[in-house]
Amino acid sequence: MMKVILTENLSSLGQIGQVVNVAPGYARNYLFPQGLALEATGKNVKELDHRKRVLAAKREKIRQEMLSVAEKINQVKLVLRRKVADEDKLYGSVSAADIQSALEERGFIVARKDIQLDQPIKQLGEFTVSVRVDAQIAATVGVVVEKEE
């Protein structure tokens with residue numbers, strides 16, 4: 001058996017960066033020519049450790065930036081004015097696109113799909129809407145729908 005470092009995710013062996021034992025012929029005849037693995041020499045293992053540390057630092061920096069953005073979004077309260085019919089029902093509705101454009105006016109660039117609105121808002125009042133800032137970080141924005149005078 002020989003140790004190799006995977007450079008691609010392989011369902012049969014493991015994830016990128018993982019050190020696994022494989023048959024020397026499998027490594028020499030398949031993994032190395034396909035660029036799927038590197039021999040786990042001392043130099044390659046050190047380089048892998050260095051890359052892991054650099055990626056972890058980069059990931060943490062991005063996470064801190066996203067937490068900062070989420071904190072700023074948590075403090076935002078959007079006031080949207082709409083025309084209303086009898087019994088304070090809206091003629092239209094407030095959709096994720098409306099919230100997205102209101103957030104853009106405040107300087108936050110958010111994709112519409114990241115605004116977690118189950119269904120458009122069709123009545124006056126205060127609502128809390130979840131906004132996904134990153135894959136694992138969400139913020140909430142206050143939305144107040146008022147009657148347009």
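**Questions on a predicted model: pocket, cores and strands**

The largest pocket of this predicted model has a volume of about 210 Å³.

Biologist: Which element gives the largest share of the lining of the largest pocket?

Modeller: The lining includes I5, L6, N44, E47, L48 and R51. Two elements, β1 (2-6) and α2, each supply at least two residues of this lining. The largest share, six residues, comes from α2.

Biologist: Which strand runs parallel to β4, and which residue of that strand stands opposite K77?

Modeller: Strand β4 covers residues 77-82, and six bridges join β4 to a parallel partner, β9, at residues 137-147. Within this pairing, K77 faces a residue of β9, namely G142.

Biologist: How many residues lie between β8 and β9 in their hairpin?

Modeller: Strand β8 spans residues 125-134 and runs antiparallel to β9, with nine bridges joining the two. Across this pairing, V129 stands opposite V141. The hairpin that β8 and β9 form has a connection of two residues.

Biologist: Which element gives the largest share of the largest nonpolar core?

Modeller: The largest nonpolar core has 24 residues, and those with the most contacts inside it are L78, I99, L103, V141 and V143. Two or more residues come from each of α2 (42-74), β4, β5 (89-94), α3 (96-105), β8 and β9. The largest share of this core is five residues, and the element that gives them is β9.

Biologist: How many residues does the other core have, apart from the largest one?

Modeller: This other core lies apart from the largest nonpolar core. Among its residues are V4, L10, A27 and L36, and the core is of 10 residues.

Biologist: Leaving aside neighbours within four places in sequence, which residues is L103 in contact with?

Modeller: L103 is one of the residues with the most contacts inside the largest nonpolar core. Once its neighbours within four places in sequence are left aside, the residues in contact with L103 are V76, L78, F108, V110, V131 and V141.

Biologist: Is A102 buried or exposed?

Modeller: A102 is found in helix α3 and touches L78 and L80, not counting residues up to four places away in sequence. Its relative accessible area is 9%. Buried means under 20%, so A102 is buried.

Biologist: What distance separates the C-alpha atoms of A102 and V22?

Modeller: A102 belongs to helix α3. Along the chain, A102 and V22 are 80 residues apart, and their C-alpha atoms are separated by 55 Å.

Biologist: Is D114 buried or exposed?

Modeller: D114 lies in the loop between α3 and β6 (115-116). Leaving out residues up to four places away in sequence, D114 touches S130, V131 and R132. Because its relative accessible area is 15%, D114 counts as buried.

Biologist: Which two residues form the aromatic pair?

Modeller: The structure holds one aromatic pair. Its ring planes are 20 degrees apart, and the distance is 5.5 Å centre to centre. Planes under 30 degrees apart count as stacked, so this pair is stacked, and its members are Y26 and Y30.

Biologist: Where do Y26 and Y30 lie?

Modeller: Y26 is partly exposed, with a relative accessible area of 32%, and Y30 is also partly exposed, at 37%. The two residues are four residues apart, about one turn of the helix. Both lie in helix α1 (residues 24-34).

Methods:
Residues are numbered from 1 along each chain as its sequence is written. This is a predicted model: local features need pLDDT of at least 70, side-chain atom pairs count only at pLDDT 80 or more; totals for chains, interfaces and linings use all residues. Side-chain values use heavy atoms; hydrogens and water are left out. Two strands pair if DSSP finds at least two bridges between them. Rings of Phe, Tyr and Trp (its six-membered ring) pair if their centres lie within 6.5 Å; planes under 30 degrees apart count as stacked, over 60 as edge-to-face and the rest as tilted. Buried means under 20% relative accessible area, exposed over 50%, partly exposed in between (1.4 Å probe, protein chains only). A nonpolar core is a set of buried Ala, Val, Leu, Ile, Met, Phe, Trp, Tyr and Cys residues joined through side-chain atoms within 4.5 Å. Contact means heavy atoms within 4.5 Å. On a 1 Å grid over the protein atoms alone, a cavity is a set of points where a 1.4 Å probe fits but cannot get out, and a pocket is an open set with protein on both sides within 12 Å along at least five of seven lines; lining residues have an atom within 4 Å of a point. Grid points are joined across faces, edges and corners, and a volume is the space filled by probe spheres set on the points.
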